[in-house]
Structure formats: structure tokens, C-alpha cells
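Here is a short tour of a structure for the bench. Keep the 3D view open and follow along, one region at a time.

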Amino acid sequence: MASLIGKPVKRVEDKRFITGKGRYTDDIVLPGMVYAYIIRSPYAHARINSIDTSAATAMDGVVAVFTGKDITGITGVPTGWQVNFKNGDTMKEPPHPLIVADKVRHMGDNVAVVIATSKELARDAADMVEVDYEELDAVADAVKAVAAGAPLVHDDVPNNIAFDFELGDKAKTDEMMAKADHITTLEFTNQRIIPNAIEPRCAIGDYNSATDRYTLYTTSQNPHLTRLLMCAFVLGIPEHKVRVVSPDVGGGFGSKIFHYTEEALMIWISQRIGRPVKWNSDRSEAFMTDAHGRDHITKAELGLDSEGNFLALRINTHANLGAYLSTFAPCVPTYLHATLLQGLYTTPAIYIDLTAAFTHTTPVDALRGAGRPEATFLLERIIENAAREIGMDPTELRRKNLIPPFDGVNEPGYQTQVALQYDSGNYEAVLDKALDMFDYKGFRERQKAAKAEGKLLGVGFSTYIEACGIAPSAVVGALGARAGLYESAQVRVQPTGKVSVYTGSHSHGQGHETTFAQIVADKFGINLEDVEVVHGDSEAVAFGMGTYGSRSLAVGGSAIMKSIDKVIQKGAKIAAHKLEANEDDLEFANGAWTVKGTDKSIGFGDIALTAYVPHDYPAGVEPGMDFASFYDPTNFTYPFGAHIAEVEVDKDTGKVKIVRYVAVDDVGNVINPMIVDGQLHGGIAHGIGQALLEGAIYDDDGQLINGSFMDYTMPRADDLPSFEVDRTVTPCPHNPLGVKGAGEAGTIASTPAIVNAVLDALSDYGIKDIKMPLTPERVWRAMQNGK
Amino acid sequence: MIPSSFAYHKPSTVDEAIQMLQDAGEDAKLLAGGHSLIPAMKLRMNSPSALIDLRGISGLRYIRQEGNAIAIGAASTHHDIIDSNLVQSHLAMMVQAGSQIGDIQVRNMGTIGGSIAHADPAADWPACLIAADASIEMKGPNGTRTVAAEDFFLGLYYTALEEGEIITEVKIPIPAPGTKSSYVKFHQPASRFAIVGCAVMMKSSGGTCQSIRVGFTGVSDMAFRDTDLEDAIRGKELSAANVEAASQVAAAGKDILGDHFASTDYRLHLARVFAARAIHAAS
Amino acid sequence: MGISIEVNVNGEKRHSEVDARLLLVHYLRDTLGLTGTHVGCDTSNCGACTVLVDGKAVKSCTMLAVQANGAEVKTIEGMAENGELHPLQSSFKEAHGLQCGFCTPGMIMTAANLLERNSNPSEEEIRHALEGNFCRCTGYHNIVKAIQLAAQQLT
Ligand SMILES: Cc1cc2nc3c(=O)[nH]c(=O)nc-3n(C[C@H](O)[C@H](O)[C@H](O)COP(=O)(O)OP(=O)(O)OC[C@H]3O[C@@H](n4cnc5c(N)ncnc54)[C@H](O)[C@@H]3O)c2cc1C
Ligand code: FES
Ligand code: FES
């Protein structure tokens, strides 16, 4: 049987989606189900003086109306990480109530919830609820929030500072910076992005008083984690009585990691009213309540010697966390951002000082890339500017400072200045390959010719490295994670030789049902159709940490590998008995155990049957063939790559058109190249969205002024080109599959590549930076203000 | 997103619709393609007490030649218009504009009558109708009347349409031989409505502009005819320099809109750029 | 309340009493249980709700069920015929034109309308035709490829 690994196998999950048989949370209707409509704050900051629910409660079909006052004894939803102050003081973690009782702290904060027998009635009744607000001053910007006299988001959090943080060697960095022949500085905002998975969030709470069991159906990337947080930290209900199901989920991108208030609220309400209750987010609500991403304000300095060698990188960042701490909020700007500031470069001294602030805005959480895009943007933008300032070709400056190749097996991993040890890499190879594909030399000729015709062509580069395969539990535990970050898997060989795989990862587009099945079918030498991958149901899957941080294959896949090995080992015992051979003389290949050097063999199916019908069976071996495993990685994995964008800028309007996009990524071994390419395409588009189109706009009162698709620009098909993607393969040395992860790579790399390309196109104008998104007006204005 | 409740009526003639509109009271509204009204109702920015659905009136959806004009029934969809041979052979700008309205789905449902009645300041048809010297026919309890497109748009979402009236037809003179038209648009990137839309109907001979009408949308709180611009180029040779110079008066004296996509001075700049582009495209 | 409508949905005549304010998408999803048509926004932009009404792509979130009275509606559930996938369905799988699948039904319905009008669209024409359909997963790259593939198969 031909190997399935590395083949562009068509996805097994597709059939249900292309025929309309996908089953998303909002598709679920339970008997007796009622509907929730959440009344949300129109203000960023206001005191709730009173809420009059009497008219709504009196309406026909209205089951109940709850306000914050009804919810007692529940603090709210927690964060998953604790990052303490530099001086050791405990991180500020103000409560995030399911419904606020006193004050609203961001537009969209939960104020009351109306439950009715139909969604129409719930919506109508919501209009009858009268809330008396007293509007208060608000602050939406992280730097302004920590300034003296800023309005406080939480009365007991002075200066709105959740924590501060530093990483790297400050003294060494200052010393090296002082020696620099040239210092490039850059101040910028990595703007806030609204995730906008196309499926809005949805949650159904279903409490059964007869069995005292709870079921939550939810659009989550990590159902088990949601269950754990909800049971242990929010509602205090017994975990073994709680089932959390995340059926098909229409995209997550990080925004469906957070254990949201609505999830716990639906369970709480269902228990109160004794009926299942569904809440389905409108897009307008999604804009205000799905956790946002990014939002850093940064000052960066890069010191270089006269040859262009990087000497020091010094950074000051204000990270906006929003009004409350989301699940990953403390981790993203610190351990997923500060630790990546080495990039692919040998910079010998790095120091970052970071302040994490509360503001009157929607909470921020992981968003595709989570911290790593911010780090990469910073590095690749400042390097681009440095190259221009010292008059060196941007590819040469990068190449000069790249970390030399190392495989992580014969050569040790690369120890960075910012706490990580890279696993394996050949960084120059991706750059070379990308330059080759792009024909960089040819481009510079074309650029000149275009210029002669009055056209502005530009090229932009970006290299990146990310820490994926999140993450070794002991390491993250030491860093403040409140959970381990291993993954679980169960491989159950059925008596007929068919295989069910239960994974704690969750697929919401990534194609686990195919990739994981490829691995299992390949290893067992059976047909792909004979493997079924089950995920997203805490009742079916023992445990799981879910899918984010490009961890599913590296961690979840490795857990499956452990169970596969256990099956093969047990199978060998049974086979040895059946073949009357010594276990050590057997080898397993192509779906059969064979006595080495003979044609005596027994197939996978026979062994499976024997395991369940153990009439003729080895002594001391348990019947059955069902293995659970937990895999805790020993390190992060470190995918890397080089991306090149070519753009044309319309001189008259400032509009940017992407002419070409070339990406060379190294995600380690590839199980399904079709799926990996697809992940890259989507990631690249997401990053281009940030560079050119997207960005939340809050006014000074904390009003989100572009909270709809009419005002917030989503990347559309005609905003994008086709992408040219290719790869190199440097296997990860520390996981059994040699894989690194591919879900976020594109997003991390593409944003700076595009911005750099625009600046290259405008190189004659002497422009140092343009604020993202690079809207036509901003680009045009930069040209006007340039020379 | 759920609209408030309303009563629903489906007349089969215009007269019936006029009657229903009168009977249903002040908060009743006509429903054509629904592609402005229904989104507003879902967000409860608009909560009519009754809808009178015009799609049952077969006599409102046609595109035909009447004498020296093209008559377009008010309930013709955007797609009907861009798909019409008659329109394609005489009114390039209508095809260019129509195919940039919204998307396939919007064009399949939205109607020209609904678009001009709604009078969104960033809608595409109004600029074309002004440039094409179209007239708009309305019928109400007091009979039928016709208003020139350039006099029809009176302000933000505000037109010459009076209470109880229904737009029945848009009539566009067939341009004289030697006349060319064009519509160019700078999209608001999220909604894809116009930040600037410029429609030009121009007769030129030997590279000189003989006559011209220019309509703008998106620039100000209503679509308008730009006679200053027309005057600046009429009679001139259509050289790049002349067009560039003339376009500098585009939208002069208008109250220019500004928002986070385009501030007033950028929008004014775009009006000039797109004026020149539209004139060149119609040359 | 209670307007009687008759809609031919995927070849089957359905009679229902509906509220005037019931949107076509809710009629399909909630009344008829055809949950393949999705809702992704409230401003008529995303196209996840696209169905064919009398052969034309329409955003079913921006149409009232009563407006569909007497019409023929086709949803993703009605695309396969006699157990055979429509070429657009098979090509979306073949070209990996979907990831989470949420936008997919709407994409396919819009593409069906495009190919009906233009059997051999260029990449640019395909991208333009998808203006009213958002996808957050694929970057559209493989959606374009899938539609090209279906166009080849249909001619
Ligand atoms: C996603 C999206 C994108 C869009 N993009 C664009 C765009 O780029 N450019 C653009 O120009 N438009 C755009 N539109 C608007 C679209 O063209 C609408 O279809 C149009 O503005 C309204 O036409 P309608 O037939 O849908 O009217 P309806 O929504 O049914 O009605 C609109 C208003 O007109 C009134 N009305 C309707 N018909 C008549 C009549 N015959 N007589 C008197 N009053 C009447 C109604 O009572 C209502 O007040 C977009 C819409 C959407 C949803
Ligand atoms: S749900 Fe209909 S367009 Fe988004
Ligand atoms: S496949 Fe997920 S939105 Fe398109």
C-alpha cells in the first residue's frame, strides 16, 4: 500500500459541507428550547442606575429576564494565564461578570438577557427593557489609559495597569546600543483586528433536572478547556456532570478560544428555567464581543554596526488588553510576543519593556498568530527601515544577520536572547528559494522600467519564525499558565479492524479528520476510509486542550502517534502468539506483522478480531485494542519562512494593488500538502487584511465606530491575488512526526511584507512609515507629505 | 436580526398600490427589491407598520425603447438593466455603473426605482441618471408627474418624491450619435458603495468636447450635476492637460462628505481624479 | 400574522403559514430545517445565506419569505441530483475550496449563478463575482480554482 503521508489527499470532511449537511451549533434545535437575546451596553463606560424589566417580563412568550443583580455568588469568567508584575506583585485580575450589575466597561458589555419562546419574541421584548445609564468618561488607547488621571476601567486597578513585564538583558542591550554606529527607530501601532470568523458565536445551554446533567453546545476551539474553566472557576458545577460539545465550527482564528460569558450564562439560565436555551450572536454583537486581536503601541530601536550587523534591539510596548482579561490575554503580548523578538537573526542583545493596560474596549485575545505577528511586524519593519537608512539592500541586510543552519540533532538548538531555544532551522534556504521564485533581480529591472512610465512598483520582504506546538506544560506552568498544554488521543481499533480516533484537538477548518486519518491509516497500513476521527465532544473524547497556536498536528498528532505505537506493540504480542514466533522477530509493515525473513505473517484485521475474541490468546495480555495517550511536548516547534510581496501603488489615489505574492515556508514535515497550502493561503489573506484593509476604530468615547461589515473592511476575493507558495522541509527533531505547524504562518509573515512593499514603491518620497491599515487615503497623504 | 412586525400587502397594479399606500397609513412603506429597506428593518433603524410589495406588479418591470428614449420600469433590477441589449448599445455608463452596484446577489434583487427613491448619497444610479438627463415618472393619488433627474435629488435620503407617490419609470434619452458615456467609481472598501462616482455623457468631435453632462455621487450629501466642470471642458480640446485643468473645478462649492475612509479634502481630490478619468473614458 | 405561502424548494412544493417579517433564510433554516444555508452577518454583506431564487443568486437574509411566495428556491441541499454531486460541489472538494465550510454553500450558489451567465469566466471575473461572499479561511485562492475547475467540467 502506498504511503498516505505527504499526499494531497482530498478531505473526508468536505462531503457534509458541500451538501449542506454540516452541523454547526446554530443548526441544533432541542425540544422545548427557548431563545436568549442579550441587551448590550451602547456605551463604553457607564454606571447602570436602574433597569426596568417589567414591561418585557409581562409580554406573552417571555420566559424570564435576568440582570446582573440576579446572578449572585458567581465572580465571572477567568483568564487562563497569570503574568505577575516585574516586581513580583500579583497580576490584576478584576472580575468579568456574566452580566454586569454596576458598571459597563466596554461597548457590548452584557447588561441583561431576555428569554422567550421564539427569537422574534426575545428580540421584541428586549426593546421593552429600559436601562438608565449614567455615561462616564472612557479611554480606549493603551498609552492614554496608563497616563495619570485617565478614567479607570476597574476602580481597584490603579493606572489601569494589569501587569508590566520585561524580557532580555537590559544592561547588555543598553551597552550594545551605545556602541551602535547607527540606530534605527520606529514608533508604530499594530492595530486592533476584529476576528470575524464567518460563523458567529452560538451557545446552547441544556440542563436536565432529572439527571442533574448539563450540556453546553458551543462554537469553541477547545470544548474541554471551556468545560474545565466553566466548572472549576465560574459556575462551580461538577465536571463529570457536564458535557461540552463543539460540533462543526465555522472558523475560529483564536476568537473561539476564550471561555465566554455567554457560554456559562446559557448553562446558568437553563438550570434556572429548566429548559434548553440558545443564544446566537448577531454580527453586530460579534463585532463588540468576540475577543479582538493585536493592539500594541510600540517604540523600537535597532542598533547596527558600520557593517550592518545587528547589535541591539530595544523595545517599549503598551499592549491593550481591553476591559477584561480573556483566556490568553496575559500570555499573548508576553510569552507569544516578547519571546519571538529574536526572529531569524543573531541580534546579541534584546530587551523589551511592556505594559499591559485595561481600556474601555472589547477584550483582546489570541488572534491568528497571537503575539507572533506583532513581533514579526516589529522586526521586519524596523529592518526594512534600517536597510533604507544605511543604504543596504534589504535582502542583504537580512541575510547578513541570519542565524546559520542547525538541525537540532547533531547541532544543538539555537538559544535566543529571549528565553527560547529554536528546534531546527535553515533560514537562508527559505530566503534564497523565495528570492529565486520571485526573480528579485528581474524585479528591480521591471521596477525601474515602470518608474520611467510613472508607475510605482514596490517589493517587500519578511522573514519570520513562530513558536508553535504549544506547549511544554512545565515550561508554560512556570510562565503562569493555569493549565497544561499537552494533548490527548485515543486510538480504538474496533473488532473488525476499523479504527476510531478520538482527539482532544478541535477542527474548525483545519482538516483534522483527513490529516489525522492519513497518519493512522498510513501507520496501520489500512484504508483511509477505515479510520474515523472524532473530536469536539467531551463525552466522546477523554480530554483535550483544543486547537490554537498551530498545535494540533505537532501536539495532538503526536499523542495519536503514541497510541498508534501502543497498538502496534500490543498487536505484536498477539501476532507473536498466533504465529508462534518471538515478538522480537516480528516487524510491522503494510498492515501486517511478519516474521522477519519469512512469509509468515498476520494482518491488522485478524489481530484486531483476535483482541476482541481472545479464544487463542497470549497469556497475561488484556483483551481489546484501545489506547489512550497524552503527549506533552518537550519544546515548542518553530516554523519559519520568507515571504515576498509585489505591489503597485496608484499615484493618483494611493490605492495599493497586490501584483504578486510569493511565500516559502518551512513547517517541518508535511502530512497533507494540499491542506498546508490552504492554511497558508488563508493566513496570508488574513495578514494582508491587517496591512491594507482592517482595523477597529474606537473614538475617544470608546465607541467602536466601524462595527459592521459596511464599515469594517474584510478582505474579499478581488482584493487579493493568487498566491505562489512553496516550501522547504526541516523536520522538527523533537516530535514523532517531525512537524511544526502551519495554521498561523501566513498571517505572521504577510503583514510586514505588504507594508514594506508599499514603502519600497514609495521609496522616492522619503516616507518612514504609514499607519496600518494602509488605506488609499493614508498612502496618498503620505505621498503628499513626502518629498 | 429580526425586523419588527408589519402588515404585508401585495398589489398587482400601480393604482392598487397607491390605494394601499393611502389606506395603510403614515408608517407604511413600499417594498421593491428590499435591499435598502430590509437591512434597515433588520437593524430596526426602520420599522414600517406595513409593506406594500411592488414585485407583484408585472407592469413595472420592463426596459424598452419609446420613441427616442429608453424607458425603464421602476421595478427593473440592476441586473435587468446591465443585461439589457438596449442599454448596452446606448448607455455604456449604465452598464459600467450597474455592474459595480453591490454584488451579484444585490443586483439580482435591487431595483432602480428603489435605489433612486432611497437616495443614498453614495448610490451609483443617481449620478448616471443626472448625466444622462433622465426623467423620473411618479404616480400618486393626484396623478402622474415627471421630474428631471437633476431636480429629483434634494438631500440626504431626500427626493422630490411626495407622500403617497410611487416611482413608475425612468426615461433616458437615447444619446445622439457621436456621444459616449462612462461611469467610474472609487469604492468605499467595506460597503463597496461609492466614495466617488462620476458619470459623464459627452459628445466630442475631432478630439474636442462639444457637449457634456457630468453627474457625481458619493461626494456630497446627494448626487448632483456639476455644471462648473461641464463649462470648464466644453469646447476644449480633450488633451490630458486640458482635462486635468478642467477637473480641478470638480465639485467646487459643494459640501464635501468626510468619514474614516475619505476625509473631505481627500474626497475632493478623488472627485477631481475621477472626473478626469470619466472624461477620458468618454472621449 | 399567518400569511399563506407556497414555495417550491429544491423541487418540492412547500405550503406554510408565515409571519410577514420572517426572513427567507429563517424560513429555510427554522421552518423547513434546511440548515445548509447559513447566516454570517446582519448587513447583507457576507453572502453565507445565498440561495437561488428562480435561478438567481439571492441573499436569503435580505428577502422576506413572503416575497418568495410562488418562487422556486434552490439551496445547497438541492444541488446534487440523483445522488450525484453538482460539478461545483465536487470541484470545491477537489480543489480544497473550503476549510470550515461555513461560507461554502453561499459560495457555491453564487458561483452557480456566475457560471450560468458566463460559462468560461476569467480569474478576474470570478473574483469580481465573489464580491458578495466572504471567506475568512481560504484566502479565496482555492475557491477561485474550484470555480475554474467546475467551469471546465460544465462545458
Ligand atoms: C450589500 C449591499 C451593497 C450595496 N451596494 C450598493 C452600491 O454599491 N451602489 C448602490 O447604488 N447601491 C448599493 N446597494 C443598494 C441597492 O442598490 C438597493 O437595492 C437599492 O438602493 C434599493 O433598491 P431596492 O429595490 O432594493 O429598494 P427597497 O429596499 O425595496 O426600497 C428602498 C426605498 O425606496 C422605496 N421605494 C422602493 N421602490 C419605490 C418606488 N417604485 N417608488 C417609490 N419608492 C420606492 C422604499 O419604500 C424604500 O424606502 C447595496 C445594497 C446592499 C444590501
Ligand atoms: S447572512 Fe446574508 S449576507 Fe450575511
Ligand atoms: S471556509 Fe471557512 S469561511 Fe470560507
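A residue is called buried when its relative accessible area is under 20%. Keep that cut-off in mind for this predicted model, starting with a residue in chain A.

## Two buried residues with positive phi

A:Arg294 has a relative accessible area of 4%, so A:Arg294 counts as buried. You can find A:Arg294 in strand β13 of chain A, which runs over residues 293–304. The backbone deserves a look too: phi of A:Arg294 is positive, near 70°, and this residue is not a glycine. As background, most residues other than glycine have a negative phi.

Chain B offers a second case. B:Ala119 also has a positive phi, near 55°. Its setting is a loop of chain B, between α7 (112–118) and α8 (125–131). Is B:Ala119 buried or exposed? With a relative accessible area of 3%, B:Ala119 is buried.

## Cis peptide bonds in chain A

Most peptide bonds are trans. One cis bond to look at links A:Ile470 to A:Ala471, with omega about -5°. A:Ala471 sits in the loop that runs between β18 (456–465) and α13 (473–478) of chain A.

Another cis bond links A:Met772 to A:Pro773, and here omega is about -10°. A:Pro773 belongs to the loop between α18 (745–761) and α19 of chain A.

## Helix α14 of chain A

Now turn to helix α14 of chain A, residues 512–524. Does its length agree with what 1.5 Å a residue predicts, or disagree? The 13 residues should span 18 Å, and the end C-alpha atoms are 18 Å apart, so the two agree.

Eleven of the 13 residues of α14(A) are buried, which leaves the helix mostly covered. Among them are A:His512, A:Glu513, A:Phe516, A:Ile519, A:Val520 and A:Phe524. Just after α14(A) comes A:Gly525, with a positive phi near 70°.

## Helix α12 of chain B

Helix α12 of chain B covers residues 264–281, 18 residues in total. From first C-alpha to last it reaches 25 Å, close to the 26 Å expected at 1.5 Å a residue. Its buried residues include B:Tyr266, B:Arg267, B:His269, B:Leu270, B:Phe274 and B:Ile279.

What do the buried residues of α12(B) pack against? In chain B, their partners are β11 (179–187), β12 (194–205), β13 (208–217), α10 (227–233) and α11 (240–247). They also pack against a helix from another chain, α19 (776–785) of chain A. You met α19 of chain A above, at one end of the loop that holds A:Pro773.

## Chain C as a whole

Chain C has five helices and five strands. Along the sequence they come in the order β-β-α-β-β-β-α-α-α-α. A compact globule of 155 residues would have a radius of gyration near 15 Å, and chain C has 15 Å, so chain C agrees with that expectation. Its C-alpha atoms fill a box of roughly 45 × 35 × 25 Å along the principal axes.

Of the 155 residues of chain C, 66% are buried. Counting contacts between residues at least 6 apart in sequence, 58% join residues at least 24 apart. The exposed area of chain C is about 4,900 Å², with carbon and sulfur atoms supplying 42% of it. Chain C carries 12 positive and 17 negative charges, and the mean positions of the two sets are 4 Å apart.

Methods: Residues are numbered from 1 along each chain as its sequence is written. Chains are lettered from A and ligands numbered from 1 in the order in which they are written. This is a predicted model: local features need pLDDT of at least 70, side-chain atom pairs count only at pLDDT 80 or more; totals for chains, interfaces and linings use all residues. Side-chain values use heavy atoms; hydrogens and water are left out. Helices (H or I, at least four residues) and strands (E, at least two) are DSSP runs, numbered from the N terminus. The radius of gyration is taken over C-alpha atoms; the globule rule is 2.2 Å times the number of residues to the power 0.38. Buried means under 20% relative accessible area, exposed over 50%, partly exposed in between (1.4 Å probe, protein chains only). Contact means heavy atoms within 4.5 Å. Accessible areas come from the Shrake-Rupley method with a 1.4 Å probe; for residues, only the protein chains shown count as cover. Lys and Arg count as positive and Asp and Glu as negative; His and the chain ends are not counted. The place of a charge is taken as NZ of Lys, CZ of Arg, CG of Asp or CD of Glu. The expected span of a helix is 1.5 Å times one less than its number of residues.
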